[in-house]
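Student: I'd like to learn how to read a model like this one, feature by feature. Could you walk me through it?

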Amino acid sequence: MSHRVNDDSSSTWETTPPAGDGAARSSSYSYDDEPAPRFSKKKAKKKQPFWKELLVIFSVALLLTVVIQTFIARVFVIPSASMETTLHGCTGCVNDKVLVEKITYLFRDPQPGDVIVFRGPPNWTGGKQPPNFVTGTLQDLGSMVNLSEPSGTDFIKRVIAVGGQTVECCDDQGRVLVDGKPLDEPYLNFGGGPRQQDSFEKVTVPAGRLWVMGDNRNNSSDSRKHGDPTPADGAIPIDNVVGKARVIVIPVGRWGTISDFNPQTGGN
């Protein structure tokens, strides 16, 4: 028994092309049936107002200033004559502004001869408290452009002796002695008068502290003047040191590095 295959050549077959197959389309398929392409117009980025851009720039600059002053370096104003003629400071004049870097003392303690800035302990400031971080930063920035006074709780002096050493004044030539040996201090200023300075009894500098004095020796309120309740309390804690004074930046006529001549060894 044979099977008959229906092969009707006269019949018309209409095929629907598979979706997405542009090659296989029947004659009855029209391109007009395709959806119209959608064109999305990209919106132009709206420009920020100038005051907003200025605010961003100011904020970034202020942030960088705070970071740099906190961790790397700061500019300090010298408001007194205690370090003349090394540093210049006086009432009603253009005081020196010095760059004080903070990196050195991350790796070593201050050494004799270093000119340092430090936060005054209570017996130096009369109990005056330093300003908080925000107020202190704004006050420092203002003092740099003569818009405000320095905080009054930071001091700048030269390191004369370190913890464990004895210091006294004076020998028969009017020189300070450290561990019984006279110091070589070419930076001293006596205002053109005789090289004489106020005497004081032998003091042993406590561990972790520094004995500091001004270069304008007879016009400096330093470790000799703040020994309360004992003379050794005039020494300042190393932890109070802010940094090492490196360069005079203002006024321009006094640009230059600040000597760290070691008076105990007679050199840098």
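Student: Let me start with a single residue. Is isoleucine 72 buried, partly exposed or exposed?

Tutor: Keep in mind that this is a predicted model. For burial, you look at relative accessibility: under 20% is buried, over 50% is exposed, and partly exposed is in between. Isoleucine 72 comes out at 42%, so it counts as partly exposed. You'll find isoleucine 72 in the loop between α1 (50–71) and β1 (73–77).

Student: Which nonpolar surface patch does Ile72 help to make?

Tutor: Ile72 joins Leu63, Val67, Phe71, Ile103, Leu106 and Phe107 in a nonpolar surface patch of about 750 Å².

Student: Let's zoom out. How many helices and strands does the protein chain have?

Tutor: There are 3 helices and 12 strands in the chain. Of its 268 residues, 38% count as buried. The accessible surface is about 17,100 Å², and carbon and sulfur atoms account for 56% of that. You can also ask how far apart in sequence the contacting residues are: among contacts between residues at least 6 apart, 69% join residues at least 24 apart.

Student: Now the sheets. In what order do the strands of the open sheet with β5 run?

Tutor: Read a sheet as a list of neighbours. Here 4 strands form an open sheet in the order β7-β6-β5-β8, with antiparallel pairing. The edges are β7 (181–182) and β8 (200–204); each has a single partner strand, so one side of each is left without a neighbour in the sheet.

Student: How many bridges hold β6 and β7 together?

Tutor: β6 (residues 176–178) pairs with β7 over 2 bridges, in the antiparallel sense. One bridge to look up has valine 178 with lysine 181 of β7 as its partner. The loop between β6 and β7 holds aspartate 179, and that residue has a backbone feature we'll come back to.

Student: What about β4: which strands does it pair with?

Tutor: Take its partners in turn. β3 (residues 115–119) pairs with β4 over 5 bridges, antiparallel, and arginine 119 stands opposite aspartate 154 in β4. β4 (residues 154–162) also pairs antiparallel with β9, over 4 bridges. To follow the register there, note that arginine 158 has methionine 213 of β9 as its bridge partner, while valine 159 is matched with valine 212. As a general idea, side chains in a regular strand alternate between the two faces of the sheet.

Student: And where does β9 go from there?

Tutor: β9 is joined by 2 bridges to β10 (residues 236–237), and they run antiparallel. Leucine 210 stands opposite isoleucine 236 in β10.

Student: How many residues of β4 and β9 are buried?

Tutor: Both strands are mostly covered. In β4, 7 of the 9 residues are buried; in β9 (residues 209–213), the count is 4 of 5.

Student: Next, annotations. Which residues does UniProt list for "active site"?

Tutor: With a record, check where its label comes from before you lean on it. The UniProt entry, which is unreviewed, lists Ser82 and Lys157. They span 76 residues in sequence, yet no two of their C-alpha atoms are more than 8.0 Å apart, so they gather at one spot.

Student: Is serine 82 buried or exposed?

Tutor: Serine 82 counts as buried, because its relative accessibility is 7%. It sits in the loop between β1 and β2 (97–101). Leaving out residues up to four places away in sequence, serine 82 touches Ile156, Lys157, Gly214, Asp215, Asn216, Asn219 and Ser220.

Student: Last topic: the backbone. Which peptide bonds are cis?

Tutor: The background is that most peptide bonds are trans, and most residues other than glycine have a negative phi. Cis bonds here include the one from cysteine 169 to cysteine 170, with omega near 10°. Cysteine 170 is in the loop between β5 (166–169) and β6. Another runs from isoleucine 250 to proline 251, with omega near 0°, and proline 251 is placed in the loop between β11 (241–250) and β12 (256–257).

Student: And what is the phi of aspartate 179?

Tutor: Its phi is near 55°, a positive value in a residue other than glycine. At 42% relative accessibility, aspartate 179 counts as partly exposed.

How values were computed: Residues numbered from 1 in each chain as written. Predicted model: local features only at pLDDT ≥ 70, side-chain atom pairs only at ≥ 80, totals over all residues. Heavy atoms only, no water. Pairing = 2+ DSSP bridges. Buried < 20%, exposed > 50% of the residue type's maximum accessible area, 1.4 Å probe, protein only. Patch = residues over 30% accessible without salt bridge, like charges linked within 9 Å, V, L, I, M, F, W, Y side chains within 5 Å. Areas by Shrake-Rupley, 256 points an atom, 1.4 Å probe, with all protein chains shown as cover. Salt bridge = Lys/Arg side-chain N within 4 Å of Asp/Glu carboxyl O. UniProt positions renumbered as here; feature names shortened; annotations may be inferred. Contact = heavy atoms within 4.5 Å.
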